[in-house]
Amino acid sequence: QVQLVESGGGLVQPGGSLRLSCAASGSIFSMYDMGWYRQTPGKERELVAVSSSGGLENYAYSVKGRFTISRDNAKNTVNLQMNSLKPEDTAVYYCKATMRLSDATLHHYWGQGTQVTVSS
């Protein structure tokens, strides 16, 4: 019914940059929050950055000033530009979107995850 497809992960050296993208498709009536989370083995999934439909943004303290979230409401896409990457940014990154479908129901959806590895 709804799919979130992520792209852009990979291996990068410390100090480098990556850009993650997430596209939502399906029977979407309206989109609310879109954001990125990350998870490492043995740890809980944590918020990285989130963008509301009204343009408000919230970032984890550890990524402020280095990561930038952006979204295209017309295309139902959200991106995460990651600069000055550090080894501790290594994780599986997940896109999450909250939306109202054409049947008026409210749902949260997750992407499949994309691996980001920061290593020399």
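**View 1. Strand β11 and its two partner strands.** G10 stands opposite V116 of β11 in this predicted model. G10 belongs to a short stretch, β2 (residues 10–12), that pairs with β11 in the parallel sense over three bridges. V116 is also the bridge partner of A91. Between β9 and β11 there are three bridges, and these two strands run antiparallel. In general, the strands of a sheet are held in pairs by backbone hydrogen bonds, in either the parallel or the antiparallel sense.

**View 2. Side chains along β11.** The side chains of this strand alternate between two faces. T114, V116 and V118 point to one face and are buried. Q115 and T117 point to the other face and are not buried.

**View 3. The four-stranded open sheet.** Four strands form an open sheet in the order β1-β3-β8-β7, and their pairing is antiparallel. β1 (2–7) and β7 (67–72) each have a single partner strand, so each of these edge strands has one side without a neighbour in the sheet. From one strand to the next, the twist averages 15°. Within the sheet, β3 (residues 18–26) and β8 (residues 77–82) are joined by six bridges and run antiparallel. S21 marks one position along this pairing, where it stands opposite N79 in β8.

**View 4. The largest nonpolar core.** This core has 31 residues. W36, L80, M82, Y93 and M99 are the residues with the most contacts inside it. The elements that each give two or more residues to the core are β1, β3, β4 (28–39), β5 (46–51), β7, β8, β9 (91–101) and β11 (114–118). β9 gives the most, with six residues. In soluble globular proteins, nonpolar side chains tend to be buried together.

**View 5. The surroundings of M99.** Which residues are in contact with M99, leaving aside its neighbours within four places in sequence? Those with lower numbers are V2, L4, I28, S30, M31 and Y32. T105, L106, H107 and Y109 complete the set.

**View 6. The aromatic pair of Y37 and W110.** Two aromatic pairs are found in a search of the whole structure. In one of them, the ring centres of Y37 and W110 are 5.1 Å apart and the planes are at 65°, so the pair is edge-to-face. Y37 lies in strand β4 and W110 in strand β10 (residues 106–110), and the pair links parts of the chain that are 73 residues apart. Y37 counts as buried, because its relative accessibility is 19%, under the 20% limit for that class. W110 has 36% relative accessibility and counts as partly exposed.

**View 7. The aromatic pair of Y94 and W110.** Y94 and W110 also form an edge-to-face pair, at 6.4 Å centre to centre and with 85° between the planes. Y94 is in strand β9 and W110 in strand β10, so the contact ties together parts 16 residues apart in sequence. Y94 is buried, with a relative accessible area of 14%. Ring pairs thus link Y37, Y94 and W110 into a cluster.

**View 8. R45 over two rings of the cluster.** The charged end of R45 sits over the ring of Y94, at 3.6 Å from the ring centre. The charged end of R45 also sits over the ring of W110, at 4.5 Å from that centre. Y94 and W110 both belong to the cluster linked by ring pairs, along with Y37.

Note on methods: Residues are numbered from 1 along each chain as its sequence is written. This is a predicted model: local features need pLDDT of at least 70, side-chain atom pairs count only at pLDDT 80 or more; totals for chains, interfaces and linings use all residues. Side-chain values use heavy atoms; hydrogens and water are left out. Two strands pair if DSSP finds at least two bridges between them. Axes are lines fitted to C-alpha atoms, for helices over the stretch in contact, and angles run from 0 to 180 degrees between N-to-C directions. A nonpolar core is a set of buried Ala, Val, Leu, Ile, Met, Phe, Trp, Tyr and Cys residues joined through side-chain atoms within 4.5 Å. Buried means under 20% relative accessible area, exposed over 50%, partly exposed in between (1.4 Å probe, protein chains only). Contact means heavy atoms within 4.5 Å. Rings of Phe, Tyr and Trp (its six-membered ring) pair if their centres lie within 6.5 Å; planes under 30 degrees apart count as stacked, over 60 as edge-to-face and the rest as tilted. A charge sits over a ring if NZ of Lys or CZ of Arg is within 6 Å of the ring centre and within 35 degrees of the ring normal.
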